[in-house]
Amino acid sequence: MQKPKESMAEVFERRVGPYAPMVYRHCLHMLRHPQEAEDAAQESMLRAFRAYENLTGDGIATWLFRIAHNTCLDILKSARMRRQQAMPEGWEETADDAPTPAEHYERKARKDALWQAVSRLKSEHQLLLDLYYGQQLSYEEMAAATGLAQGTLKSRLGRAREALRKELEGDKNG
């Protein structure tokens, strides 16, 4: 007896569904707001579903990551996101390690300066810094997600770090 043919939705769910947590984590890292990240992840998966029949090859993670990244960039450009800059759950200070008001202000100022500097970088630099520091992927995992050779990836990550350093130094001098 023949097995019934899978629908496109079933094939999509089987092949792309396992990457949904990665998409959400990336959106959360970029948007820093759980509800916005959830909406962006859903929008990314919808965009991926609509474009799925045009996907060629096995680079699903890279393809999906780019869709999620571009979706987040669209949201960050919107006026709605500029009004909301809450930190993700779990990033808040706990009572045991609560800083003094001056320490809290200094940490917040440094964190804000870092986020602003990262947001001014090219999207490729933002992506690589997010994969390495935000998602904490290994070079091998990053290479699989981006489709870059590890050597190329390391040199581009080095350039991203240098660009970020220059942005941060420019903030201090400006």
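This is a short tour of a predicted model, with a suggestion at each stop of what to select and what can be seen there.

**Confidence**

Begin by colouring the protein chain by pLDDT, which averages 81 over the chain, with 84% of the residues scoring at least 70. Select helix α3, residues 34-51, and then helix α5, residues 79-83: among the elements of the chain, α3 has the highest mean pLDDT, at 93, while α5 has the lowest, at 49.

**Two cysteines**

Next, select C27 and C72, and show their side chains as sticks. C27 is buried, with a relative accessible area of 0%, and C72 is likewise buried, at 0%. Why do the sulfur atoms of C27 and C72 not count as bonded? The sulfur of C27 has its closest cysteine sulfur in C72, but the two are 3.4 Å apart, which is too far for a bond, because a disulfide calls for a pair of cysteine sulfur atoms within 2.5 Å. By that rule, the count of disulfides is zero.

**Along helix α6**

Move on to helix α6, by selecting residues 101-119. This helix has 19 residues, and the distance from its first C-alpha to its last is 27 Å, close to the 27 Å expected at 1.5 Å a residue. Within α6, select W115, A117 and V118, which are buried; they cover an arc of only 165 degrees around the axis, so they lie on the same side of the helix. Then add P101, A102, Y105 and S119 in another colour, since these residues are exposed on the other side of α6.

While α6 is still on screen, select R110 and E106, which form a salt bridge whose closest N and O atoms are 2.7 Å apart. The two residues stand four places apart in helix α6, which means that about one helical turn separates them. R110 is partly exposed, with a relative accessible area of 49%, and E106 is also partly exposed, at 46% relative accessibility.

**More salt bridges**

A search of the whole structure finds eight salt bridges, and a few of the others make good further stops. Side chains of opposite charge can pair when their charged atoms come close.

Select R120 and E167, where the closest N and O atoms of the salt bridge are 2.6 Å apart. This pair links distant parts of the chain, for R120 sits in the loop between α6 and α7, whereas E167 belongs to helix α9, 47 residues away. Both ends of the pair are partly exposed, R120 with a relative accessible area of 39% and E167 with one of 25%.

Staying in helix α9, select R165 and E169, whose side chains meet in a salt bridge with an N to O distance of 2.5 Å. Here the partners are four residues apart in α9, and therefore about one helical turn lies between them. R165 counts as partly exposed at 34% relative accessibility, and E169 counts as partly exposed at 38%.

For a stop that involves three residues, select E43, R47 and D74 together, which are linked in a network of salt bridges.

**Where α9 meets residues of α6**

Return to helix α9 and select L168, a residue that counts as partly exposed at 27% relative accessibility. Which residues does L168 touch, not counting those up to four places away in sequence? On that basis its contacts are A113, L114 and A117, and A117 has already appeared on this tour as a buried residue of α6. To see how the fold brings separate stretches of sequence together, draw a distance between the C-alpha atoms of L168 and Q116, which are 52 residues apart along the chain and separated by 9.1 Å.

**A buried leucine in α7**

For the last stop, select L131, which is found in helix α7. Is L131 buried or exposed? At 0% relative accessibility, this leucine counts as buried. Leaving out residues up to four places away in sequence, L131 touches F65, Q136, L137, M142 and T146. With T146 still selected, draw the C-alpha to C-alpha distance from L131, which comes to 9.5 Å for two residues that stand 15 apart in sequence.

Terms used
Residues numbered from 1 in each chain as written. Predicted model: local features only at pLDDT ≥ 70, side-chain atom pairs only at ≥ 80, totals over all residues. Heavy atoms only, no water. Buried < 20%, exposed > 50% of the residue type's maximum accessible area, 1.4 Å probe, protein only. Expected span 1.5 Å × (residues − 1). Arc of directions from axis to C-beta. pLDDT = per-residue confidence, 0-100. Salt bridge = Lys/Arg side-chain N within 4 Å of Asp/Glu carboxyl O. Contact = heavy atoms within 4.5 Å.
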